[in-house]
Amino acid sequence: MINLFEVNETNKMITQENLDVRTITLGISLLDCITDDLNRLNENIYRKITTVASRLVATGEEIEKEYGVPIVNKRISVTPIALVGGSACRSSEDFVTIARTLDRAATEVGVNFLGGYSALVSKGMTKADERLIRSIPEALAQTERVCSSVNVGSTKCGIDMDAVRLLGEVILETAELTKERDSLGCAKLVVFCNAPDDNPFMAGAFHGVTEADAVINVGVSGPGVVKHALSEVRGANFETLCETIKKTAFKVTRVGQLVAQEASARLGIPFGIIDLSLAPTPAIGDSVADILCEIGLEHAGAPGTTAALALLNDQVKKGGVMASSYVGGLSGAFIPVSEDQGMIDAVRAGALTLEKLEAMTCVCSVGLDMIAIPGDTKASTISGIIADEMAIGMVNQKTTAVRLIPVIGKGVGETVEFGGLLGYAPIMPVNQFSCDAFVGRRGRIPAPIHSFKN
Amino acid sequence: MKKTIITVVGKDTVGIIAKVCTYLAENNVNILDISQTIVQGFFNMMMVADATQSPKSGDQIAEELEAVGREIGVVIRCQHEDIFNMMHRI
């Protein structure tokens, strides 16, 4: 029988240490909506999403109340729209109509974000892929809840540098079109290498073509819980440190597993995976950077940060894997700058630079995330940063991503406010030397030698 | 049988258990076990209850008990036992 001590421990995690289930994401395949008539396609998409997801938000709220654990977000991911719209969309404007339909459907069912305005172009772009990518700035400017992602590389295929070059321009254009709102559009656009098919976290979620018709994926969280557990073993050796993280990750993940099973049973939709990521929020005490400090760093970014993060990421996975029947998605520690108060503080203190963040992404999920850079940064420079990050993912056989926000009209040292879970960020300096000639080359970077495993 | 765990935390005062039990009786929730401690004037109680015969749903009972708690100045949480079982038992 459960005892008072255990009950209090769980409830303290929830009430004082920000334990929550970050998201229940319902993946919906739109492949059966495909037709060559744009109006019918839009109708099919709207009908399918609003039918399959009609009870998602209500079910999430029921589970939240019954188990007494907050479920922060209920979201939807759909099949990459470049595939769905390939036949019906003859122009980028046609694709934007689908973005508006997705936005309407998301509003109707009450989810705060819908991901999947995406293209998978790791080896090359089809005409539809290119049209979709070129439509991203308009799509994100005209919608509230739609999130976009583009997979431009993989360990198996290499990196499509034509797409990387194009995305540098697309990111700047998105920033320009949403400059009235501090270039917020870019916060909803992720560039990936090795993007997973079952990621429940925004803005990079999409429902991969390898997936079933509908599936429930759950993202857990709990940086505050890990931080608190570590504060109880301050000064202990690495063995104790690692064991503590593992045990805590296990407990946190079990809550996610429970919520996923319940949601799946109540909605009659199969359970896909639990994503074991430690996802921070701007709330005080819900920070991955604070865990790094608790491990022994003055600020995130100090020497030792990469090692501490590698250790943290590995132990979270080791603890979480046994707690869930299926693990997938991104699964690791997130290090977004604007969504983590400890990271913001580290940037302000001068401890954390873009280059150190890049090093950190070698050992954790996911990448250069929610980083505000000056609005006058060149498109080729953004493409260069993307190429670097994609190369890390390609060579290390891991997912990496870039979500940069060039804030139009603002420069280094100024602050940008996105609001809500997206937080706020100091604008970080970018290396000023040119990579124009490199980014200007056509074609793709070949797959690395260790991808040839057959 | 699925059980419900009710916890009450707050400043000790007269009639906390009475209030909670009255609500449970009125809503046909059977109490299976109670444990209680007072640490430095703070009241800390856990009840294991069976709410399967209640006409109300789990989330409804949770909401109403929370309101009862607000009336008497304590925090009452009512949760399905599985959240604790999942976290503390393999």
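**Exercise 1.** Which residue just after α10(A) takes a positive phi?

Solution. This is a predicted model. Go to the end of α10(A). Gly296(A) comes just after this helix, with a positive phi of about 140°.

**Exercise 2.** Decide whether helix α10 (residues 288-295) of chain A is largely enclosed or not, and find what covers its buried residues.

Solution. Step one: list the buried residues. They are Val288(A), Ala289(A), Asp290(A), Ile291(A), Leu292(A), Cys293(A), Glu294(A) and Ile295(A). Step two: compare with the helix length. Eight of the eight residues are buried, so α10(A) is largely enclosed by the rest of the structure. Step three: look for the cover. It includes α8 (223-231), α9, α11 (305-321) and α12 (341-348) of chain A.

**Exercise 3.** Find the residues that touch the most other members of the largest nonpolar core.

Solution. The core holds 172 residues. Val152(A), Leu167(A), Ile216(A), Val255(A), Val259(A), Leu292(A) and Leu404(A) touch the most other members. Helix α9 (residues 238-267) of chain A gives the largest share of this core, ten residues. Now take Leu167(A). Leaving out residues up to four places away in sequence, Leu167(A) touches Ile133(A), Val150(A), Val152(A), Val191(A), Ser383(A) and Ile386(A).

**Exercise 4.** Is Ser325(A) buried or exposed?

Solution. Step one: locate Ser325(A). It sits in the loop between α11 and α12 of chain A. Step two: count. Ser325(A) has 11 other C-beta atoms within 10 Å. Step three: apply the cut-off. A residue with 12 or fewer is exposed, so Ser325(A) is exposed. Step four: check a distance. Ser325(A) and Gly272(A) lie 53 residues apart in sequence, and their C-alpha atoms are 9.5 Å apart in space.

How values were computed
Residues numbered from 1 in each chain as written. Chains lettered and ligands numbered in written order. Predicted model: local features only at pLDDT ≥ 70, side-chain atom pairs only at ≥ 80, totals over all residues. Core = buried A, V, L, I, M, F, W, Y, C linked by C-beta atoms within 7 Å. Buried ≥ 20, exposed ≤ 12 C-beta atoms within 10 Å, placed from the backbone. Helix = DSSP H or I, 4+ residues; strand = E, 2+ residues; numbered from the N terminus. Contact = placed C-beta atoms within 7 Å.
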